[in-house]
Structure formats: structure tokens, C-alpha cells
Amino acid sequence: MLRLESVTKRFGARTVLNGLSLAVAPGEFVAVTGESGIGKSTLLNVVAGLEPVDAGRIFLFERELTALDDDALALLRREKLGFIFQAFHLLPHLTVLENVALPLLLRKERKDVMEGKARSLLAAVGLAGRERSMPRELSGGELQRVAIARALVGEPALLLADEPTGNLDPDSARQVMRLLRERAREQGAAVVLVTHADWAAAQADRAYRLTAQGAERLAIPSG
């Protein structure tokens with residue numbers, strides 16, 4: 001589903017991804033950890049085609065991402081990807097329900113279908129009854145859960161999650177991780193999770209620590 005071949009990304013004189021190679025199969029849950037500033041969020045951005053690479057190639061669903069134009073990248077993101085941004089990126093003028101339904105609106109799905117799926121996801125993340133709320137009325141943890149529901153509503157084949165539990169209390173964080181795993185299994189989706197939390201990385205099928213030299217695989221404790 002996803003393959004990175006010797007991917008390098010620089011910001012000026014600073015190299016944040018250095019010849020990184022990684023593959024993710026359909027249905028796999030892969031976690032990436034590492035120090036702040038090492039390039040974890042940048043990794044997700046280049047996989048989503050939001051940032052260009054300086055060297056190497058990325059293949060997504062057997063298409064070379066690094067060879068697609070902006071329109072083709074936007075269509076691929078709309079149809080195949082879900083992205084949980086660390087900064088949420090909710091639209092402040094839309095209600096919670098409208099924010100969650102937005103990916104389905106872009107696909108031109110029927111209004112009743114959009115609203116039904118959005119309500120179901122909001123209930124799953126513990127926000128039933130907040131559909132008409134505006135983002136400014138929500139706490140940081142609630143905004144995080146809205147962002148997670150929005151990423152899942154389109155049943156993406158690949159879910160990219162940037163610190164999805166970073167603003168949640170421990171109980172909510174574990175609820176969200178269970179939801180991500182369950183939905184991924186149900187949909188046969190792959191998940192690439194960026195996290196600082198060792199306990200969250202331990203939920204994955206494989207885990208890697210990103211370093212200046214590349215990515216080293218971590219042992220995941222059994223059970």
C-alpha cells in the first residue's frame with residue numbers, strides 16, 4: 001500500500017529525513033516515535049503529498065506519489081487518505097457535524113448519508129449531542145476527537161495520525177486508540193501513527209524510532 005524508497009527531505013541546511021525507506025501493507029498498524037524535531041510530522045506530510053521530497057520516491061497504492069501533479073494528489077488524498085492533524089485544522093465557521101462530514105461533502109455524497117455517518121463517528125468518539133456546537137465552544141480534547149472522527153468518516157484506505165492522543169486524558173486516549181484499531185481492522189485500512197507515547201506505539205503491529213540516520217525497528221512487548 002505504501003512504500004518509501006530512500007526518501008530525503010531538507011529544510012534549508014537541515015536534513016530531517018535522511019534516505020528513509022519504509023513499507024506498510026494493507027491493514028497494518030505502524031507506529032513511528034522519536035525526539036521532537038526529528039521529522040515525524042514531516043514524514044506524514046510527505047506521505048500525504050503535502051510536502052515535496054528532495055530525493056527518493058514514494059509509492060502509494062502502486063502510484064508514484066512523487067510524480068503526480070497537484071490535482072492528482074488532491075484527488076488521491078480525497079479518495080484514499082484520512083489525516084489526523086496535530087493542530088486539528090477544523091474550520092471555525094462550521095459546526096462539529098459539518099466539520100466531520102466535510103470529506104463526504106467533497107465526494108458529493110447525499111446529505112442524509114453524510115449526516116448519518118458523521119453522527120455515528122461523533123458518538124463513537126464520545127461526542128454525541130455536540131453536533132451543533134462550534135469549534136470555539138469545545139475543549140482541546142474535544143477538538144482532537146472531532147478531528148479523529150473527520151479523518152475516519154470517509155473510511156480511508158490509509159490513515160495518517162499525528163499525535164492523535166496528545167491532547168486527551170488517559171482514559172480518552174485509550175478509547176481513541178481502541179477506536180483507531182477497531183475501525184482500521186473493520187475497513188482493512190493501514191494506519192501510520194506518529195506518537196511520543198510508548199504505550200500508544202506498543203499498540204501497533206510494528207514500531208520504529210526515527211533518528212537522524214533513518215528508522216530503527218523497535219521491539220513491541222507481547223500482551
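## Helix packing and pockets

Helices H5 and H6 (residues 170-187) pack with their axes 12 Å apart and at an angle of about 5°. The structure described here is a predicted model. Angles under 35 degrees count as roughly parallel, and H5 and H6 are therefore roughly parallel to each other. On the H5 side, the contact is made by Arg145, Ile148 and Leu152. H6 contributes Val176, Leu179, Leu180, Arg183 and Gln187 to this contact. By class, the residues of the contact between H5 and H6 comprise five nonpolar, one polar and two charged.

Helix H3 spans residues 96-106, and its buried residues are Val96, Leu97, Asn99, Val100, Ala101 and Leu104. Helix H4 (111-124) and helix H5 (140-153) are among the elements that cover these buried residues of H3. Just after H3, lysine 108 adopts a positive phi of about 65°.

H3 also takes part in the lining of two pockets, the largest and the second largest. The table sets out their volumes and linings.

| Pocket | Volume | Lining residues | Classes in the lining |
|---|---|---|---|
| Largest pocket | about 480 Å³ | 19 residues | 12 nonpolar, three polar, four charged residues |
| Second largest pocket | about 310 Å³ | 13 residues | six nonpolar, one polar, six charged residues |

The largest pocket holds about 480 Å³ of space. Of the residues that line the largest pocket, Arg77, Leu81, Phe85, Pro103 and Leu106 are the closest to its centre. Two or more residues of this lining come from each of helix H2 (70-80), strand S6 (81-84), H3 and H5.

Which residues lie nearest the centre of the second largest pocket? They are Thr95, Leu97, Glu98, Lys111 and Glu115. H3 and H4 each supply at least two residues of the lining of this pocket. The helix that gives the most to that lining is H3, with five residues.

Several residues and elements recur in these descriptions. Leu97 is a buried residue of H3 and is also one of the residues nearest the centre of the second largest pocket. H4 helps to cover the buried residues of H3 and supplies at least two residues to the lining of the second largest pocket. H5 likewise helps to cover the buried residues of H3, gives two or more residues to the lining of the largest pocket, and packs with H6.

Definitions and conventions: Residues are numbered from 1 along each chain as its sequence is written. This is a predicted model: local features need pLDDT of at least 70, side-chain atom pairs count only at pLDDT 80 or more; totals for chains, interfaces and linings use all residues. Side-chain values use heavy atoms; hydrogens and water are left out. Buried means under 20% relative accessible area, exposed over 50%, partly exposed in between (1.4 Å probe, protein chains only). Helices (H or I, at least four residues) and strands (E, at least two) are DSSP runs, numbered from the N terminus. Contact means heavy atoms within 4.5 Å. On a 1 Å grid over the protein atoms alone, a cavity is a set of points where a 1.4 Å probe fits but cannot get out, and a pocket is an open set with protein on both sides within 12 Å along at least five of seven lines; lining residues have an atom within 4 Å of a point. Grid points are joined across faces, edges and corners, and a volume is the space filled by probe spheres set on the points. Ala, Val, Leu, Ile, Met, Phe, Trp, Tyr, Cys and Pro count as nonpolar, Asp, Glu, Lys and Arg as charged, and the others, Gly among them, as polar. Axes are lines fitted to C-alpha atoms, for helices over the stretch in contact, and angles run from 0 to 180 degrees between N-to-C directions. Angles under 35 degrees count as roughly parallel, over 145 as roughly antiparallel, 65 to 115 as roughly perpendicular and the rest as oblique.
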